[in-house]
Amino acid sequence: MSTQVGVSRSAALYERAQRVLPGGVSRNAALHDPHPLYVANAAGCRLTDVEGVTRIDCANNMASLVHGHADPDMIRVVTEQLRRGTAFSVATEVEIRCAEHLRSRNPGFEKLRFVNSGTEATMVGVKVARAFTGRPMIAKAEGAYHGGYDYLEVSQQPGPANWGEADEPRRVPLVRGVPASVLDEVLVVPFNDVARTIALLDKHADRLACVVMDLMPHRIGLNPAEPAYVAALREWTTRRGVLLFIDEVITFRSEYGGLQEKYGVTPDLTALGKMIGGGFPIGAIAGRADVMDVLNPRSPRYTFPHSGTFSANPVSVSAGLAAMEKFTKAEVERLNALARRAMAGVEAEIRRTGLAASLTGAGSMFRVHLKASPPRNYREAYTNREENARLKMLLDHMFDEGFILINSGSVALSTPMTETEVDALVAALGRGFERLAKTR
Ligand SMILES: Cc1ncc(COP(=O)(O)O)c(C=O)c1O
């Protein structure tokens, strides 16, 4: 504990943190200048830091807290479960109830397996696809984020210096030392570009296990995929016997049965996470029963022995079930309507201030871009150093105005929010746009 006069509690905590944690944090998203925000407590959509400042939380732990913080129902079910035990090497009824509930939201989730994070869900989903098809290769969109599995990290954040030709994006490793064999097994396709994507898929059809896609990829600009692109991928994968694996770790909050419901597309596999844990760590793979049977030791299809010490732990699945049950169709629609109101307000502020900015999003999330038109793919969404500096100015302004946004300029609403918070958010963004418009 620092006793220096004039050093804030947060600055003192950060100083200590840097001695034990690389960069002083456990996730880079927590970094903030001059020091991370340290939480004292949070409830609903408000978060109070250790300096005693309260802000409206529009990040909601990277879109995972659909009911905000310290929701009374989550507290109740988790407290009850804590008394009954937290993790067992035997099965629980609540994992069955949670799976039944998720399947009732989306009949395409014929079978589900719970894991501990979105990263694990996408990783296990890829392995399920490989096990089912007996093929090694996967396809993913340039710039898409699907968590920390080596194969899915390929071309997660390339730049103009290394991303190569648009016809055939280069396979760029995220981390130094990634084996070349990993790159050999990942086909990188340009998002929303039907002709180029299909041409690339055709070249590798015989080796592909699955095409992984996010219907509204955050890092590609949080712009919903064009329906023709989704339809083309569904048609191509069905025709070529390749699995379509949709990552709904973020987007499941967008519609009652996930964003796929809006597209009318049924993938072979879906990855879930974030929101379905009610604030606790979770992930799940859901999909066709015959495909999921590679995980079933009682099936002749069984080829993938999979385990996980904390998988389907009763704390996460109890909280998740309570969170999902409360996120009824009516609540999904109310939150989406609130987001539409916010988006209309932000659009109006962009017009009023004349700032070169645009907006993307769907469901209960949106993202502000300091670009004149909304990006359609990763290369258009890519922000250079100057754009990053301007975005930081906007985020700092919002922080000072009492709002925490996701550091990409994105907002994820939560059910405790009302028109009051949303209108205040829009007004604060408007003042931020005014300031930015003057700096040009
Ligand atoms: C689309 C998507 N997939 C997968 C993941 C990985 O989830 P987790 O952070 O729970 O490992 C994320 C996390 O942000 C995500 O946004």
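**View 1. Gly-118 and its neighbours hold polar contacts with the ligand.** A backbone N or O atom of Gly-118 sits 2.8 Å from an oxygen atom of the ligand in this predicted model. Right beside it in sequence, Thr-119 brings a polar side-chain atom to 2.7 Å from a ligand oxygen. Lys-274 joins in as well, with a polar side-chain atom 2.8 Å from an oxygen atom of the ligand. Taken alone, the ligand would expose 390 Å², and the protein buries 80% of that area.

**View 2. Here is the shell of residues around the ligand.** Stepping back from those contacts, you will find Ser-117, Gly-118 and Thr-119 around the ligand, along with Tyr-145, His-146 and Gly-147. Asp-214, Asp-247, Val-249, Ile-250 and Lys-274 complete the surroundings. Sorted by class, this shell holds three nonpolar, five polar and three charged residues.

**View 3. Seven strands make up an open, mixed sheet.** Follow the strands across in the order S4-S10-S9-S8-S7-S5-S6. At the edges stand strand S4 (111-115) and strand S6 (186-189); each has a single partner strand, so one side of each has no neighbour in the sheet. From one strand to the next, the twist averages 20°.

**View 4. Strand S4 pairs with strand S10.** Zooming in on this edge of the seven-stranded sheet, five bridges link S4 to S10 (residues 283-287), and the two strands run antiparallel. For a handy landmark, look for Phe-114, whose bridge partner in S10 is Ala-284.

**View 5. Helices H7 and H8 pack on the seven-stranded sheet.** Helix H7 (residues 194-204) touches strand S5 (137-141), S6 and strand S7 (208-213). The direction of H7 makes about 165° with that of S6. Helix H8 (residues 227-240) touches S6, S7 and strand S8 (243-247). For H8, the angle of about 165° is made with the direction of S7.

**View 6. Three strands form another open sheet, with antiparallel pairing.** The order here is S11-S12-S14. Strand S11 (358-362) and strand S14 (410-412) are the edge strands, each pairing on one side only. Neighbouring strands of this sheet are turned by 15° against each other on average, direction ignored.

**View 7. Strands S11 and S12 run antiparallel.** Five bridges join S11 to strand S12 (residues 365-369). To get your bearings, find Gly-361, which stands opposite Phe-366 in S12.

Terms used: Residues are numbered from 1 along each chain as its sequence is written. This is a predicted model: local features need pLDDT of at least 70, side-chain atom pairs count only at pLDDT 80 or more; totals for chains, interfaces and linings use all residues. Side-chain values use heavy atoms; hydrogens and water are left out. Two strands pair if DSSP finds at least two bridges between them. Helices (H or I, at least four residues) and strands (E, at least two) are DSSP runs, numbered from the N terminus. Axes are lines fitted to C-alpha atoms, for helices over the stretch in contact, and angles run from 0 to 180 degrees between N-to-C directions. Contact means heavy atoms within 4.5 Å. A residue is near a molecule or strand if one of its heavy atoms lies within 4 Å of it. A polar contact is a pair of N or O atoms within 3.5 Å; within protein, one must be able to donate a hydrogen and the other to accept it, and residues adjacent in sequence count only if both atoms are side-chain atoms. Accessible areas come from the Shrake-Rupley method with a 1.4 Å probe; for residues, only the protein chains shown count as cover. Ala, Val, Leu, Ile, Met, Phe, Trp, Tyr, Cys and Pro count as nonpolar, Asp, Glu, Lys and Arg as charged, and the others, Gly among them, as polar.
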